[in-house]
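Me: I have a structure open on my screen and would like to understand the terms used for it. Could you take me through the reasoning step by step?

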Amino acid sequence: MRAFRLVLNILLLPLRPLLIVAPTERAAWIAAGLAPVAVVIAATAPGAWVIAPILGGALLLLIALDGVLTGKLEGWEIRTGEDIEVGQPSVLAITARFAGRQPRRAEAALACDARLADEGRIAFALSRVPNGEGWRGQTTLTPTRRGTAQVERAWMRWEGPLGLGARQVDYSLDKPVRIWPDLSPVRSPDLQTFLRNAQIGLINRRIRGEGTQFEALSEYEPGMDRRRIDWKASARHTRLYARENESERNNQIVFAFDCGQAMCEPVDGLPRIDRAVSAALTCGYVALKGGDKVALFGFARRPQLMTPFIADARAFHRLQSAAAGLDYEPVEPNFTLALATLTAKLKRRSLVVVFSDFTDPTAAELMVESLGRLVNKHLVLFVTMADSEVEDLIAAPPGDIATLARSVTADSLAQQRKLVLTRLRRLGIDVLEAPWERIGPRLIDRYLAIRSSEAIG
């Protein structure tokens, strides 16, 4: 079929500057049907061979006439969000208006970055709007990676009333679409309700009796912890006074992202690094609401970025913009250089949340050593995502030898992974492992538990 359409396009090439007409699929089928007729005529009546070119010429004339009869493209418009979030659907719509006779059928195609669509191509049909406002078509884009994607070129094609000839135009667009980290968990009603009702929510309230920051003195009453008695103040006032402390705020929280090869691997359609960024920004938003400071750190072969500490929730967009700049690097990460750089930049004890992954104990050896040095000065929380594919292979029923072999290999990998996580725990590193959809809530719970225990300061 492509061969017949190519032949027809070549035959119409001299007319294109004037007619801008291309054959349709229906014309190609007709041409394919005329070919056996021409062969039969040549075999049975050689003297009537002239009928074949006459039929071909008539078909070409009908194609050209059909293309001329259809209306001209008066105007068209592409609507899509200039700012969308990775993994979240976004509508792309095209509206076209035709002058004169309305086409029998219209369709559009776009050439774009592979972040927006598979193979960098989007094609869809247009349908006529009932109220006479033209033709409209839309599709849903689900970006798979962060960054700035370009919609480079657009094609519009519409057929004549006979369905034999179609006009086609193309335009250069170079329309940028910025793909940001996914903030849907931050906007979720559950999180907003939690922040309103939590003790560290939208209205800051002092939490007395806990923490390390001095708040006030109160007269000692039976039942109070005797360790809270302030003996110097009691001596001055000749009665017992106890210290009331406030839960410590202004802690430093650093979210460190491994942007290397393992974190670039997809999990349920999105790279692990994007899942990690979404969970970290959600937890960071909660931390900002609680009065703590948040910074982002990214690294792969070498450090990529280190943001200053943000202390105000109104500046949360700065964290989102910085996270959008984390690049995907399919290389092994240099933990030694990255964590040494991070340690040099931190001037006080902080909670460092490291998002990373590994494939085997050998690849994780340098990671364990570097985290062991980091935990000497800071509180470290190591976050990794459970591999659902490995778990599915382990749980698969052994129906044949190949399935059994895959299950045994997957179980061996899982056991090696447990050994690495056990080594991290023995070094005093808190480890959080969960499926990607539960990483965000589990991370918030762990952060709040660490904060309430006053382990950061």
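Me: Happy to start with a helix. What makes α9 largely enclosed by the rest of the structure?

Reply: This is a predicted model, and in it 17 of the 18 residues of α9 are buried. A residue counts as buried when its relative accessible area is under 20%. With that many residues meeting the cut-off, α9 is therefore largely enclosed by the rest of the structure.

Me: How do you know that the length of α9 is close to the one expected for a helix?

Reply: From its first C-alpha to its last, α9 reaches 26 Å. For its 18 residues, 1.5 Å a residue gives an expected 26 Å, so the two values can be set side by side, with the expected span taken as 1.5 Å times one less than the number of residues.

Me: And why does the span of α15 agree with what it should be?

Reply: The 17 residues of α15 should span 24 Å at 1.5 Å a residue, and its end C-alpha atoms are 25 Å apart, which agrees.

Me: Now the pair. Where do the axes of α9 and α15 come within 9 Å, and at what angle do they cross?

Reply: Helix α9 covers residues 272-289 and helix α15 residues 436-452; their axes come within 9 Å and cross at roughly 30 degrees.

Me: Why is α9 called roughly parallel to α15?

Reply: Angles under 35 degrees count as roughly parallel. The crossing is at roughly 30 degrees, and that makes α9 roughly parallel to α15. The crossing itself is right-handed.

Me: Which residues make the contact?

Reply: On the α9 side they include Arg-275, Cys-283 and Val-286, and on the α15 side they include Trp-436, Leu-443 and Tyr-447. By class, the residues of this contact divide into eleven nonpolar, two polar and one charged. Among the buried residues of α15 are Ile-439, Gly-440, Leu-443, Ile-444 and Tyr-447.

Me: What follows each helix?

Reply: Just after α9, Gly-291 takes a positive phi of about 95 degrees. Just after α15, Glu-454 has a positive phi of about 60 degrees.

Me: One residue elsewhere: why does Leu-393 count as partly exposed?

Reply: Leu-393 is found in helix α13. Partly exposed lies between under 20% for buried and over 50% for exposed, so Leu-393, at 36% relative accessibility, counts as partly exposed. Leu-393 touches Arg-406, Ser-407 and Ala-410, leaving aside residues up to four places away in sequence.

Terms used:
Residues are numbered from 1 along each chain as its sequence is written. This is a predicted model: local features need pLDDT of at least 70, side-chain atom pairs count only at pLDDT 80 or more; totals for chains, interfaces and linings use all residues. Side-chain values use heavy atoms; hydrogens and water are left out. Axes are lines fitted to C-alpha atoms, for helices over the stretch in contact, and angles run from 0 to 180 degrees between N-to-C directions. Helices (H or I, at least four residues) and strands (E, at least two) are DSSP runs, numbered from the N terminus. Angles under 35 degrees count as roughly parallel, over 145 as roughly antiparallel, 65 to 115 as roughly perpendicular and the rest as oblique. A crossing is left-handed if the near helix is turned anticlockwise from the far one by less than a right angle, and right-handed if clockwise. Contact means heavy atoms within 4.5 Å. Ala, Val, Leu, Ile, Met, Phe, Trp, Tyr, Cys and Pro count as nonpolar, Asp, Glu, Lys and Arg as charged, and the others, Gly among them, as polar. Buried means under 20% relative accessible area, exposed over 50%, partly exposed in between (1.4 Å probe, protein chains only).
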